[in-house]
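Trainee: Could you take one part of this model and walk me through it closely, with the cut-offs behind each term as you go?

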Amino acid sequence: MTDLTDLTVAEIRDGFRAGDFSAREVAEGFNANVAAARALNAFIVETPDKALEAADAADKAKAAGETLGALAGVPIGMKDLFCTEGTQTTAASHMLEGFVPTYESTVSGKLWAAGAGMLGKLNLDQFAMGSSNETSYFGNVISPWRRGGGDNAALAPGGSSGGSSSAISARLCPAATGTDTGGSIRQPAAFTGISGIKPTYGRCSRWGIVAFASSLDQAGPMARTVRDNAILLEVMSGFDPKDSTSLDLAVPQWEAGLSSDLRGKTVGIPKEYRPDGLNAEISAMWDRGIAWLKDAGAEVVEVSLPHTKYALPTYYIIAPAEASSNLARYDGVRYGQRDLPDGAGLQDMYAATRAAGFGPEVKRRIMIGTYVLSAGFYDAYYTQAQKVRALIARDFEQAFEKCDLLLTPTAPSASFALGEKQADPLAMYLNDVFTVPASLAGLPAMAVPGGLDSAGLPIGLQIIGKALDEQTVLNASLAIEERAGFTARPEKWW
Amino acid sequence: MTESTYRIQGATGEWEVVIGLEVHAQVTSNAKLFSGAATAFGAEPNTQVSLVDAAMPGMLPVPNMECIRQAVRTGMAIDAQINKWSRFDRKNYFYADLPQGYQISQLYHPIVGEGQIEIVLDEKNPDASKKVIGVERIHVEQDAGKLMHDQHPTSSYVDLNRSGVALMEIVSKPDMRSPAEAGAYLSKLRTILRYVGSCDGNMDQGSMRADVNVSVRKPGEEFGTRTETKNVNSVRFVMAVVEHEANRQVDVLEAGGKIVQETRLYDPDRNETRSMRSKEDAHDYRYFPDPDLLPLELDDAFLEACRQSLPELPDAKRARYEGDLGLSAYNAATLTADADTARWFEALLTEGARIQKKSEGDVAKASANWLLSELYGALNRIGKSLEDSPVSPEEGAELLALVADGTISGTIAKQVFEIMLETGEKPGRIVEEKGLKQTSDTGAIEAAVAKVLADNGDKVEQYRGGKEALFGFFVGQTMKAMQGKANPQVVNELVKKGLG
């Protein structure tokens, strides 16, 4: 019998409904994998009982002949940025260590309502700030992948959703939630050979997700297949009156709409995404992707996104500006960490609490954000960045007059060793160079694996679509998935 | 339009005072601006707090359209420009009563633009004492919570009941020139807010408070440096702050000093202002558009509905009372100064006209006089407000109708009113039960007159001898004999006839 933990979400869903196995068997299988993989440090909290509880409910509902939810029998991992009622939610920070919400985020609530069970809360970069999962207060997440040739260096699973990517590729969960502010779903997916989609800004409610940068934060699924992503995204999306930026639109049936036939579609290749010095293997993968999409029936044209080179600096003004304000609430007054030295006044308590509660990357971004919003600098930085953001969005609009989707690399390299880029924040920020523009424009974008590089590490491709056109993004990703035939998996060493 | 002649006499000559007010008015709404939590005043600490108000992780604001509607209606009531596109900004600073670490406000694009408020400085001479005060803007914002320093020897407690409550900040132009003008502006603004129903105007409960900006200059010169005295919570205190602060500034300047732009606090017990913080330690609030909220866009239908819902406003009402109802300028001003008074008066008027089958104009004067002298006098005496008056407008109208149709005299009416206040009985019934009906029975009155004249032969002699002032004596004696129930006109005639 196949190992149940090798199954995709769709296979678990269908096999459970067909009676091939019980939901409890699935949950027990994944619980065992989670417990056996602590070396990866993918979970901050494991919740095997929650997974079993949901599984038993699914089994019971099935036995009683009740209507089953879309994810009945499917256990998943929950990024620890989503507030979960009764289960510690930390955003991987010391600041929120021990914080147990009395409320459930809209997105996680929708997943549980659809019958999914929670295997645990997944590690991430602290407050979702990072591209390698090295900023978590609870320690680095380690990628299950290793370079070939006996190189046992611990590799980064990407970030910020590194717990999610590591856990999925190591078969600790068939799918997980991620959040993406500048690439936090797509880059870790690329690093670990899985898929992940950031939908159009506003598709998924942000209510109950610990905020990083409000105008950019979007939840999305991560899983091993495009179909699994479609299944989860359908459940996670939808209007939420509790989030003013949530889109009041019906959720399309993305899974039913899946088709890898791209005839009639035009793919744009943005020339600015191929800078001098682009990694040759990434460049070659991109060319292969172009060939695959042509093979699927698409036409390919070159397009220009002239303001691309300003995307990264723009992002690193807007995101820290919003973060510096969003994180002001962590002040030690009402919940979470409080450091109150003897005889301290209010200001001393703030200083001590925030000094101890935030890690260095979070502090760096709070300081950058505070600086760019300061009197005298606001116009030069923040106002200017907003103008450039509008130009970047216009670039995409103009490109989409000539094409239906864009194909680009997801990240400028394959995964790197932990510690390799930590000393140089700017080198780390460059990881987001291909993912940040779509975030600034609020567009749907998906990472899908394309193959392995010469070191045996996964590298991926990114599809960027028009606003609200997740279907085309999913379909093009499916066309790549079918042609790439990516079946590689990390060899178990943990 | 009048020019203020208010001047401070300094050693170096006359100084003019320049005043601007920023009024914070709590929007009347059952729910907070962004959270849906309740807003009851005086509730137990931290019982009116939602997850959003406590700024729990992942919580998001959603605008309460009722608060927006009230701000728009207020703007319309002061003839202001309504901005169909406005936006919320975050004002960032740390304080324990500010859970989010920022206040959601509107710096760059307020919902209401320029408007104006007309004030009257002398109610007895309104036309000659009018002045128009410009309003710069109105924006909506969140209130903060409250710190309690008296609950623990070394720690402060936080009450978040007010956190997130909707405020309108109504910013005047620096158009006022005297304490009286500042007082009149604040009173008038309060009147308008209460008419519109967008704020209850209860300054003692903190529903309305003013930041008072004051500077002084030699007449005709440029504006001087201003100070801002925060959170002044009565009209009287605002006037006191202006007076005190202007004099203080003159003293400083004349002693060769400079005014520092700073925030000050008013101490009503000592009637003085004190420095709170200077511009140097002012916060850098790092305002920026709140990314959790979309710009607020109002459509024509919404604006039209706001406009339709506005009541008759104080200036229009006052003009109507003077013009259509023929009331004196002073009475019209007094009756319209407060929405509740005007409502009470109009109920009295409507009922009076109905039962007397006359026009409202015909019963207006008597109604106004009775309300302002008899009813107000009585309420003052028993320490009650119009709202909890023991006599209803309908009962008042009934009483006035009894006088108007000659059933009782004005004198008896006063007695009946006293009984109404004490017992809550209807006037008609009191008159019936106590037999207070006025008589025009000529025979009975003639008999009474005859007796009075017979009993006072000496005075009759004196009257006939030219001491005509005694006429009132005979009338009074006759009324007394008739226990006040005689029709005074008939008494007059018969006394005259008897003395013939």
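Mentor: What follows looks at the packing of two helices in chain A, and then at a few other places for context. This is a predicted model, in which local features need pLDDT of at least 70 and side-chain atom pairs count only at pLDDT 80 or more, while totals for chains, interfaces and linings use all residues. Residues are numbered from 1 along each chain as its sequence is written, and chains are lettered from A and ligands numbered from 1 in the order in which they are written.

The pair in question is helix 9 (residues 311-326) and helix 12 (residues 378-399) of chain A, whose axes come within 9 Å and cross at roughly 125 degrees. Helices here are DSSP runs of H or I with at least four residues, strands are runs of E with at least two, and both are numbered from the N terminus. Axes are lines fitted to C-alpha atoms, for helices over the stretch in contact, and angles run from 0 to 180 degrees between N-to-C directions. Helix 9 of chain A is therefore oblique to helix 12 of chain A, given that angles under 35 degrees count as roughly parallel, over 145 as roughly antiparallel, 65 to 115 as roughly perpendicular and the rest as oblique. The crossing of helix 9 of chain A past helix 12 of chain A is left-handed, a term used if the near helix is turned anticlockwise from the far one by less than a right angle.

On the side of helix 9 of chain A, the contact is made by A:Ala311, A:Thr314, A:Ile317, A:Ile318 and A:Ala321, and helix 12 of chain A contributes A:Tyr381, A:Tyr382, A:Ala385, A:Val388, A:Arg389 and A:Ile392. Two residues are in contact if their C-beta atoms, placed from the backbone, lie within 7 Å. An α-helix has 3.6 residues a turn, so residues three or four places apart point the same way. By class, this contact has nine nonpolar, one polar and one charged residues, where Ala, Val, Leu, Ile, Met, Phe, Trp, Tyr, Cys and Pro count as nonpolar, Asp, Glu, Lys and Arg as charged, and the others, Gly among them, as polar.

Elsewhere in chain A, A:Val235 lies in helix 7 (residues 226-236), and A:Val235 counts as buried because 21 C-beta neighbours lie inside 10 Å; the cut-off for buried is 20 or more other C-beta atoms within 10 Å. Leaving aside neighbours within four places in sequence, A:Val235 is in contact with A:Ala70, A:Leu71, A:Lys110, A:Leu111 and A:Ala114.

Between the chains, 25 residues of chain B are in contact with 33 residues of chain A, and the chain B side divides into 17 nonpolar, four polar and four charged residues.

Key
Buried ≥ 20, exposed ≤ 12 C-beta atoms within 10 Å, placed from the backbone.
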